[in-house]
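Subject: Handover of a protein structure

Dear colleague,

I am passing on to you the structure shown below, together with a summary of what was found in it. Please read the summary with the structure open beside you.

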Amino acid sequence: LISTGDPGSFAEKTLRVRLPEQLDQLLGLELPEPGAAAALEALKKRLAAGSVRDLLGDRPEVAAAMQPGERADWQREIAAHAGCPWSAIPWYFAESLFYLEILAACGYYSPDSPGYARDPFAPFKLQELSRSHGGIVRAEKVLHHVGALTDPAERVAAHLLHALWGNRMDLTFTELVEHYGSSATLGAQEELLIDHSPAMARCALKSARVDLVLDNAGTELVCDLLLARALLESCRVVRLHVKSSPFYVSDTMAKDVHATVAALAGHQDATTRRAGDGLRRALDARRLLVSPHWFWTGPLMYADWPPEIHRELEGADLLLFKGDVNYRRLLGDRRWDPETPMEALTGYVPCPFGVLRTLKSEVVVDLPREKVEELSRDDPEWSVRGRYGVIRFRPA
């Protein structure tokens, strides 16, 4: 497993720089829980020079709010790393525990707290959704581009590209939002390292049900919902898998889906408004389904997902995973030989699936070694900057 203790790694930088920056952003807000600021400052100190605590033992209200399977996963993983320094634990576990610690600090699990069940990241999500060069206004650009295409497979493939590059709008990577939020809607062709969008589109058009495991709210969710709308022209059902609690700052919850649909339906642009109305009707008719589950914010890799997740995904004709963290969890968050085929690592996925991901970590497969060497010569940090993307399809 990639560790926060790997010298010079992006995981090390995440712990040392990026997570404290996120705490500073939260500390700049007026948080409703009176003790939140002190608890967040204490968390910041533990990240720098402290160890993993028994969070569920220290904050029993967190354990009490969890589903049995969720509580068991967290108890097992925390017990395995309790007392270990934050600077020497698996990277994904560190990040997932970090966001659980934030929710505990903000009173999210405490029924008597003014922060109970309130998304502490909501102000950041709202700001990104309303960006003048991204957010909800991206819908008009996407619809204009795709509307000029007449072939159904080309339209779906174009939506897949927009959904991919929307993944750059990630609030844990504020530099990406600043850089790409005002630039071209799509990435350059040379930035797309793998492009299976035509095959993925053909599979989608033959599917009765397509599932999307979503990533970020805001601009990315706008693009994902427009993709879902396009899929509903041929599919019977599109199911959106979302987080059951706030996670990774901007990750999508059910409330974010409904808020974004409402924003699309209320937009001043008539084409955007029609798209929003269509999505709202699909929600009402239960052709567009929103499925929260605790596992998506849990501490485990996807090879260890619970039986109910496996059974649910078995019913999909095509499953799409959005974003870098989903990619990492699919592949076990390890540094594989870059030439390793994804098929060798994902046999547990019970249906045809694809990944739409802009690269924000060092986990990379499916690339020729020569290509990796070329990219590394041009930019040693090419795999973590969010510049490059992959659309990878694994058929049945």
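**Aromatic pairs**

The structure holds 18 aromatic pairs. One of them is formed by Phe321 and Phe353, whose ring centres lie 5.8 Å apart. The angle between the two planes is 85 degrees, and the pair is therefore edge-to-face, a term used for planes over 60 degrees apart. This pair links distant parts of the chain: Phe321 belongs to strand 5 (residues 318–322) and Phe353 to strand 6 (residues 353–358), with the two positions 32 residues apart in the numbering. Both Phe321 and Phe353 are buried.

The two residues are also members of one aromatic cluster, which is made up of Trp294, Phe295, Trp296, Tyr302, Trp305, Phe321, Tyr348 and Phe353.

Please bear in mind that this is a predicted model.

**The protein as a whole**

The protein has 17 helices and seven strands. Its C-alpha atoms fill a box of roughly 60 × 50 × 40 Å along the principal axes. How does the radius of gyration of the protein compare with that of a compact globule? For 396 residues, a compact globule would have a radius of gyration near 21 Å, and the protein has 20 Å, so the two agree.

Of the 396 residues, 58% count as buried. The accessible surface comes to about 15500 Å², and carbon and sulfur atoms account for 51% of this surface. If one takes the contacts between residues at least 6 apart in sequence, 76% of these contacts join residues at least 24 apart.

As for charge, the protein carries 46 positive and 55 negative side chains. The centres of these two sets lie 4 Å apart.

**Two buried alanines**

Ala105 is found in helix 6, which covers residues 91–105. Is Ala105 buried or exposed? Its relative accessible area is 6%, and Ala105 is therefore buried, since the limit is under 20%. Leaving aside neighbours within four places in sequence, Ala105 is in contact with Glu33, Gly35, Ala36, Ala39, Leu40 and Arg59. By contrast, the C-alpha atoms of Ala105 and Arg236 are separated by 42 Å, and these two residues are 131 residues apart along the chain.

Ala201 lies in helix 11 (residues 197–205). With a relative accessibility of 0%, Ala201 counts as buried. Outside the four places on either side of it in sequence, Ala201 is in contact with Ala153, Val156, Ala157 and Leu160. The C-alpha atoms of Ala201 and Ala158 are 9.1 Å apart, while 43 residues separate the two along the chain.

**Residues with a positive phi**

Which value does phi take at Tyr248? Tyr248 has a positive phi of about 45 degrees, although Tyr248 is not a glycine. This residue is found in the loop between strand 3 (237–243) and helix 13 (254–265). Tyr248 has a relative accessible area of 5% and is buried.

Asp366 likewise is not a glycine and has a positive phi, here of about 70 degrees. Asp366 is located in the loop between strand 6 and helix 17 (369–378). Its relative accessibility is 19%, so Asp366 counts as buried, the limit being under 20%.

**Helices 14 and 17**

Leu375 is found in helix 17. The relative accessible area of Leu375 is 4%, and this residue is buried. Apart from neighbours within four places in sequence, Leu375 is in contact with Leu193, Trp382 and Tyr388. Leu375 and His267 are 108 residues apart in sequence, and their C-alpha atoms are 41 Å apart in space.

Asp277 lies in helix 14 (residues 270–284). Why does Asp277 count as partly exposed? Its relative accessible area is 24%, and partly exposed residues are those between the limits of 20% and 50%. The C-alpha atoms of Asp277 and Glu381 are separated by 42 Å, with the two residues 104 residues apart along the chain.

Yours sincerely,

A colleague

Note on methods: Residues are numbered from 1 along each chain as its sequence is written. This is a predicted model: local features need pLDDT of at least 70, side-chain atom pairs count only at pLDDT 80 or more; totals for chains, interfaces and linings use all residues. Side-chain values use heavy atoms; hydrogens and water are left out. Helices (H or I, at least four residues) and strands (E, at least two) are DSSP runs, numbered from the N terminus. The radius of gyration is taken over C-alpha atoms; the globule rule is 2.2 Å times the number of residues to the power 0.38. Buried means under 20% relative accessible area, exposed over 50%, partly exposed in between (1.4 Å probe, protein chains only). Contact means heavy atoms within 4.5 Å. Accessible areas come from the Shrake-Rupley method with a 1.4 Å probe; for residues, only the protein chains shown count as cover. Lys and Arg count as positive and Asp and Glu as negative; His and the chain ends are not counted. The place of a charge is taken as NZ of Lys, CZ of Arg, CG of Asp or CD of Glu. Rings of Phe, Tyr and Trp (its six-membered ring) pair if their centres lie within 6.5 Å; planes under 30 degrees apart count as stacked, over 60 as edge-to-face and the rest as tilted.
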